[in-house]
Amino acid sequence: MTLPQIDETLLLKVLVDLLKTPSPTGYADGAIALTERVFRAIPGVKTSRTRKGALLVTLEGEQNDAPRALAAHVDTLGAMVKTIKPNGRLALTRIGGYAWNTIEGEGCTIFTSDGKRIRGSVLITKASSHVHGEKTAETKRSEETMEVRLDERVSKAEETSALGIEVGDFIALDPRVELTNGFVRSRHLDDKAAVACLVEAARTLRAAGLKPKQTTHFFISNFEEVGHGGATGLPQDIVELVVVDMAAIGEGQASDEFHSTLCVKDSSGPYHHGLSNHLRGLADEHNIPYKVDIYPFYGSDGSAFWRAGGEAAVALIGPGVDASHSYERTHVDALTATTNWVLAYMLG
């Protein structure tokens, strides 16, 4: 069967809209709402929210004797206010696993509990080389040496508190989205790239007047970056779960920015061999370019699902993303390959 034609323009529009919607883990409601709106525009889908705030989208299949699910996460790396410092700047606590140096110099937004959005920048405490000399370069980037400089006239803690900023307020890092020569460069492609692929796969399927072979659930989680997104909320009767998450690129890896990748093992162990082989077969049948890889420092919603007692077979695919958990980049070729792979899986 020939796969229906996806629309790259619509795929990229959804992706850019998602990337520009702040959603650090714990503060992902805006991105969940956006994802729900675009899914609801697709005929024949049903949506609901879990008690944890994740999104569950259901597309009725030609059969319902072996329902299955596809999962991706919309939450991202970020931070929270740890303390307000005597000089009015903010100490941070990380959300998700990233190196402190990867956010140095980044713009950010602080979300106060009363709805304000306050801008700032992430810097080291000894940022000026004209003042600190070699100490600027030698300072270890850590929780103790990183801070947020607010774009407000504050110089002491009381002035910052008067803005409405409190301990525990969420901080979102600027994505800095740019599309150039087929590349998409932005923070938070992990895993908004995969969410956009799922949306476009569902839209393409229904636009062609088709149904998935089996009833299919799309699970959009909101706590993946802290390890428990897929632990709850997936339907108990699913027999398979295909997680769609970014493929890690670097020394010793097979993945690249132009292919989708099948991950056969990560830090949680091997994925389901039978389901992984089924996906390989689908990619070969439909001439979908892909790689096979192993990620040593990686976990997914599938890992969380299994650790929580999930019984379904789990496999993992996703577009190649360079500089993961930093200023990331992928290519439209990887996005279309992933979307076509999802289509092939739904129809196969």
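How many aromatic pairs does the count come to? In this predicted model, the count comes to 8 aromatic pairs. Take Phe 183 and Phe 258 to start with: their ring centres sit 5.9 Å apart and the planes meet at 65°, and since anything over 60 degrees goes down as edge-to-face, that is what this pair is. Phe 183 belongs to strand 11 (residues 183–186), while Phe 258 is in the loop between strand 14 (247–248) and strand 15 (260–266), so the contact ties together parts that are 75 residues apart in sequence. As for exposure, Phe 258 has 36% relative accessibility and therefore counts as partly exposed.

Then there is the pair made by Tyr 295 and Tyr 298. Here the ring centres are 4.6 Å apart with the planes at 45°, so the pair is tilted. Tyr 295 counts as buried because its relative accessibility is 2%, and Tyr 298, at 8%, counts as buried too. Elsewhere, one aromatic cluster is formed by Tyr 27, Phe 111 and Phe 170. Rings also meet charges: the charged end of Arg 68 sits over the ring of Tyr 345, 4.4 Å from the ring centre, and Arg 94 lies over the face of Tyr 98, with 6.0 Å to the ring centre.

Tyr 298 turns up again in the largest pocket, which holds about 490 Å³ of space. The pocket is lined by 26 residues, and those closest to its centre are Met 246, Phe 297, Tyr 298, Gly 299 and His 325. Helix 8 (residues 301–307) supplies the largest share of the lining, with 4 residues. Sorted by class, the lining comprises 9 nonpolar, 11 polar and 6 charged residues.

That leaves strand 15, and the question of what encloses it. Of its 7 residues, 5 are buried, so strand 15 is largely enclosed by the rest of the structure. Strand 17 (residues 290–294) runs parallel to strand 15 and is joined to it by 5 bridges; in this pairing, Leu 262 stands opposite Val 292. Strand 18 (residues 313–321) runs antiparallel to strand 15, with 4 bridges between them, and Ser 260 has Pro 319 of strand 18 as its bridge partner. Strand 16 (residues 269–270) also pairs with strand 15 in the antiparallel sense, over 2 bridges. Asp 266 faces Gly 269 of strand 16 there, and a hairpin of 2 residues makes the connection from strand 15 to strand 16.

How values were computed
Residues are numbered from 1 along each chain as its sequence is written. This is a predicted model: local features need pLDDT of at least 70, side-chain atom pairs count only at pLDDT 80 or more; totals for chains, interfaces and linings use all residues. Side-chain values use heavy atoms; hydrogens and water are left out. Rings of Phe, Tyr and Trp (its six-membered ring) pair if their centres lie within 6.5 Å; planes under 30 degrees apart count as stacked, over 60 as edge-to-face and the rest as tilted. Buried means under 20% relative accessible area, exposed over 50%, partly exposed in between (1.4 Å probe, protein chains only). A charge sits over a ring if NZ of Lys or CZ of Arg is within 6 Å of the ring centre and within 35 degrees of the ring normal. On a 1 Å grid over the protein atoms alone, a cavity is a set of points where a 1.4 Å probe fits but cannot get out, and a pocket is an open set with protein on both sides within 12 Å along at least five of seven lines; lining residues have an atom within 4 Å of a point. Grid points are joined across faces, edges and corners, and a volume is the space filled by probe spheres set on the points. Ala, Val, Leu, Ile, Met, Phe, Trp, Tyr, Cys and Pro count as nonpolar, Asp, Glu, Lys and Arg as charged, and the others, Gly among them, as polar. Two strands pair if DSSP finds at least two bridges between them.
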